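User: I would like to go through the terms used for this model and see what each of them rests on. Please set the values against the cut-offs where a step needs them.

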Protein chains: 2
Amino acid sequence: MTFTSWMESIRQRTEVALDQYLPPASHNPTRLHEAMRYACLNGGKRFRPLLVHAAGVISGANPATLDMCACAIEMIHVYSLVHDDMPCMDDDTLRRGMPTCHVQYDEATALLVGDALQTQAFITLADVPLTAKTIAELVRTLARASGAAGMAGGQAIDLAAVGQPLNAAELEQMHIMKTGALIRAAIRMGALAGESLDTEKLERLDRYGKILGLLFQVVDDILDCTGTTEELGKTAGKDAAADKPTYVSLMGLAGARAFVDDLLTQAQHLIADSGAPGQRLKDIALEIVQRTH
Amino acid sequence: MTFTSWMESIRQRTEVALDQYLPPASHNPTRLHEAMRYACLNGGKRFRPLLVHAAGVISGANPATLDMCACAIEMIHVYSLVHDDMPCMDDDTLRRGMPTCHVQYDEATALLVGDALQTQAFITLADVPLTAKTIAELVRTLARASGAAGMAGGQAIDLAAVGQPLNAAELEQMHIMKTGALIRAAIRMGALAGESLDTEKLERLDRYGKILGLLFQVVDDILDCTGTTEELGKTAGKDAAADKPTYVSLMGLAGARAFVDDLLTQAQHLIADSGAPGQRLKDIALEIVQRTH
């Protein structure tokens with residue numbers, strides 16, 4: 001299967017799995033359930049599910065089990081988008097070319113959608129058909145990556161940094177927490193779901209995940225600077241307009257592009273010896289970088 | 001130990017445990033961590049922790065393990081209060097006699113505080129020193145009680161019901177989800193933490209928890225109607241003013257009080273044969289009811 005076909009197949013099965021693991025719109029409270037589905041089932045890039053499945057090829061995990069892990073992490077990602085878009089945060093009205101959740105519904109519903117999606121992630125993980133030991137480790141991995149020491153904490157640092165430029169080290173720490181922690185967790189969850197990898201292999205994949213998270217953020221900053229609203233499906237130039245620090249504002253466009261190449265080399269080196277099963281992860285890194293060229 | 005001394009001792013140890021299981025205020029992001037601690041460490045009633053420990057006496061659980069379960073469920077409860085108080089929900093400025101989180105800090109921070117507290121609950125549960133099987137069951141119990149089929153779902157029904165009075169069955173369903181699910185989960189978590197109860201005993205405690213949740217809500221509605229803002233430590237008459245349905249608006253004050261007595265009888269009957277270890281749970285039910293007399 002080509003990489004493009006593989007990505008498409010993972011996106012399709014993730015859409016089906018999300019439909020399955022979200023509460024049905026026909027059940028009470030219907031408006032909340034509808035809004036949760038509106039926020040999730042919009043044909044997103046499904047970057048984190050792709051990572052779960054790509055790491056799952058290496059760990060030899062069951063694809064249906066990976067779907068549940070992928071849904072859990074995608075629900076966390078979507079909850080963060082719904083809350084980030086709210087008026088008291090980024091006040092964004094467009095997300096993937098569609099009205100954001102609080103625009104389509106209302107603010108109170110968007111608040112509850114985010115809250116309930118976070119919970120739904122843990123409900124989904126708790127029912128994964130793996131040993132209780134792996135379930136507990138999956139919960140630990142996802143929770144640590146999402147909370148005050150991960151995504152939510154990174155968001156808090158980002159908020160505090162508006163108008164007070166961060167230096168390179170602080171910017172990197174913020175992104176490692178805000179975006180990187182969940183990307184890293186996606187790879188770790190796919191690796192754990194196979195229940196077969198030794199500690200050393202798990203550790204290398206974890207380092208790969210950390211670098212990939214950073215790579216993703218630098219590329220995102222470059223695109224926010226060079227892309228149009230139409231291309232991105234969200235408001236372009238938003239971070240620069242809000243005086244938020246980005247890798248581009250810090251390093252310049254050429255510097256940021258050079259940093260991307262450096263991170264890519266580091267990442268590919270880490271999984272150079274994993275052979276054919278590692279190909280999907282390698283392809284994902286290349287795919288991310290290609291968006292900037 | 002008298003019941004009053006016992007309650008005080010549980011409240012004190014819960015305060016100590018929350019301080020331990022919340023991220024330290026000295027660590028980055030300091031403002032988020034401070035605000036999480038502001039929301040949690042305010043000497044609340046700790047009703048859910050009391051239930052965890054009371055059920056834990058019956059299951060013979062280790063008190064330090066119960067502290068972790070108690071912290072997890074209290075973090076979920078506090079996150080829901082922080083989000084409920086926000087302008088787009090109840091728009092409340094007072095909570096336990098103190099400025100609410102978004103008033104003391106700001107809306108964006110309050111949003112993140114709620115998000116991160118929910119995650120912190122699962123981080124805490126994932127590290128409980130019990131078998132992985134029990135950890136997975138604790139996560140499942142807390143997540144189901146908190147999400148779209150529990151607390152968050154009840155909140156959504158409550159929102160939708162403003163200005164559209166619910167009938168008795170709908171009102172009961174809303175409260176069973178919004179408040180009752182977490183109260184029931186508290187008792188179930190205390191019961192699970194002992195890792196010793198048979199299914200039948202667990203089931204009876206679960207039914208007790210369901211009735212107690214309802215009892216708590218009816219009493220809360222009575223107090224909202226008869227108490228003063230000063231006594232309650234929060235704005236009195238808020239629900240009636242917002243045209244929200246309550247047991248008092250539905251049954252009248254005398255009817256609601258009679259319902260309380262009926263629920264109390266049912267609850268006490270369910271644990272009549274549990275002997276001395278059941279005394280704390282019985283006392284809690286009596287304590288709740290006494291607030292209305």
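User: What makes the copies meet through the same surface?

Analyst: This is a predicted model, and in it 100% of the interface residues of chain B are also interface residues in chain A. The copies therefore meet through the same surface. Chain B brings 42 residues to the contact and chain A brings 42 residues.

User: Which helices supply the side of chain B that touches chain A, and what classes of residue are found there?

Analyst: At least two residues each come from helix 2 (30-40), helix 6 (107-126), helix 7 (132-146) and helix 8 (151-161) of chain B. Helix 6 of chain B gives the most, with 12 residues. By class, that side of chain B has 26 nonpolar, 10 polar and six charged residues.

User: Why are the two copies said to be related as by a two-fold rotation axis?

Analyst: A turn of 180° with a shift of 0.0 Å along the axis lays chain B on chain A, with an RMSD of 0.0 Å. The copies are thus related as by a two-fold rotation axis.

User: Which residue of chain B comes closest to the rotation axis?

Analyst: Ala132(B) does, with its C-alpha at 2.5 Å from the axis.

User: How do helix 7 of chain A and helix 6 of chain B pack, and which residues meet?

Analyst: Their axes are 9 Å apart, at an angle of about 145°, and the crossing is left-handed. From helix 7 of chain A come Ala136(A), Val139(A), Arg140(A), Ala143(A), Arg144(A) and Ser146(A), which meet Thr119(B), Phe122(B), Ile123(B) and Ala126(B) in helix 6 of chain B. This contact has six nonpolar, two polar and two charged residues.

User: Why is helix 7 of chain B called roughly antiparallel to helix 9 of chain B?

Analyst: The angle between helix 7 of chain B and helix 9 (residues 168-193) of chain B is about 170°, and their axes are 8 Å apart. Angles over 145 degrees count as roughly antiparallel, so helix 7 of chain B is roughly antiparallel to helix 9 of chain B. On helix 7 of chain B the contact is made by residues including Leu138(B), Thr141(B) and Leu142(B), and on helix 9 of chain B by residues including Ala181(B), Ala185(B) and Met189(B). The residues of this contact divide into eight nonpolar, three polar and three charged.

User: What makes helix 9 and helix 10 of chain A oblique to each other?

Analyst: Helix 9 (residues 168-192) and helix 10 (residues 199-226) of chain A pack at an angle of about 135°, with their axes 7 Å apart. An angle has to be over 145 degrees to count as roughly antiparallel, and the roughly perpendicular range is 65 to 115. The value of about 135° fits neither class, and the two helices are therefore oblique. Their crossing is right-handed. Among the residues that meet are His175(A), Thr179(A) and Ile183(A) of helix 9 of chain A, and Leu205(A), Gly209(A) and Leu212(A) of helix 10 of chain A. By class, the contact has 10 nonpolar, six polar and five charged residues.

User: Is Glu195(A) called buried, exposed or partly exposed, and why?

Analyst: Glu195(A) is found in the loop between helix 9 and helix 10 of chain A. A buried residue has 20 or more C-beta neighbours within 10 Å, and an exposed one has 12 or fewer. Glu195(A) has 16, so Glu195(A) counts as partly exposed. Phi of Glu195(A) is near 55°, a positive value in a residue other than glycine.

User: How do you know whether Arg46(B) is buried or exposed?

Analyst: Arg46(B) has 21 C-beta neighbours inside 10 Å and the cut-off for buried is 20 or more, so Arg46(B) counts as buried. Arg46(B) is found in the loop between helix 2 and helix 3 (47-59) of chain B. Its phi is also positive, near 55°.

User: Why is Val218(B) classed as it is, buried or exposed, and what is Val218(B) in contact with?

Analyst: The count for Val218(B) is 25 C-beta neighbours inside 10 Å against the 20 needed, so Val218(B) counts as buried. Val218(B) lies in helix 10 (residues 199-226) of chain B. Leaving aside neighbours within four places in sequence, Val218(B) is in contact with Tyr247(B), Ala256(B), Phe259(B), Val260(B) and Leu263(B).

User: Where are the cis peptide bonds from Asn28(A) to Pro29(A) and from Asn28(B) to Pro29(B)?

Analyst: Omega is near -5° for the bond from Asn28(A) to Pro29(A), and Pro29(A) is found in the loop between helix 1 (3-21) and helix 2 (30-40) of chain A. In chain B, omega is about -5° for the bond joining Asn28(B) and Pro29(B), and Pro29(B) is found in the loop between helix 1 (3-21) and helix 2 of chain B.

Note on methods
Residues numbered from 1 in each chain as written. Chains lettered and ligands numbered in written order. Predicted model: local features only at pLDDT ≥ 70, side-chain atom pairs only at ≥ 80, totals over all residues. Axes fitted to C-alpha atoms, helices over the stretch in contact; angles between N-to-C directions. Helix = DSSP H or I, 4+ residues; strand = E, 2+ residues; numbered from the N terminus. Parallel < 35°, antiparallel > 145°, perpendicular 65-115°, else oblique. Left-handed = near helix turned anticlockwise from the far one by under 90°. Contact = placed C-beta atoms within 7 Å. Nonpolar A, V, L, I, M, F, W, Y, C, P; charged D, E, K, R; others polar. Least-squares fit on C-alpha atoms with pLDDT ≥ 70 in both.
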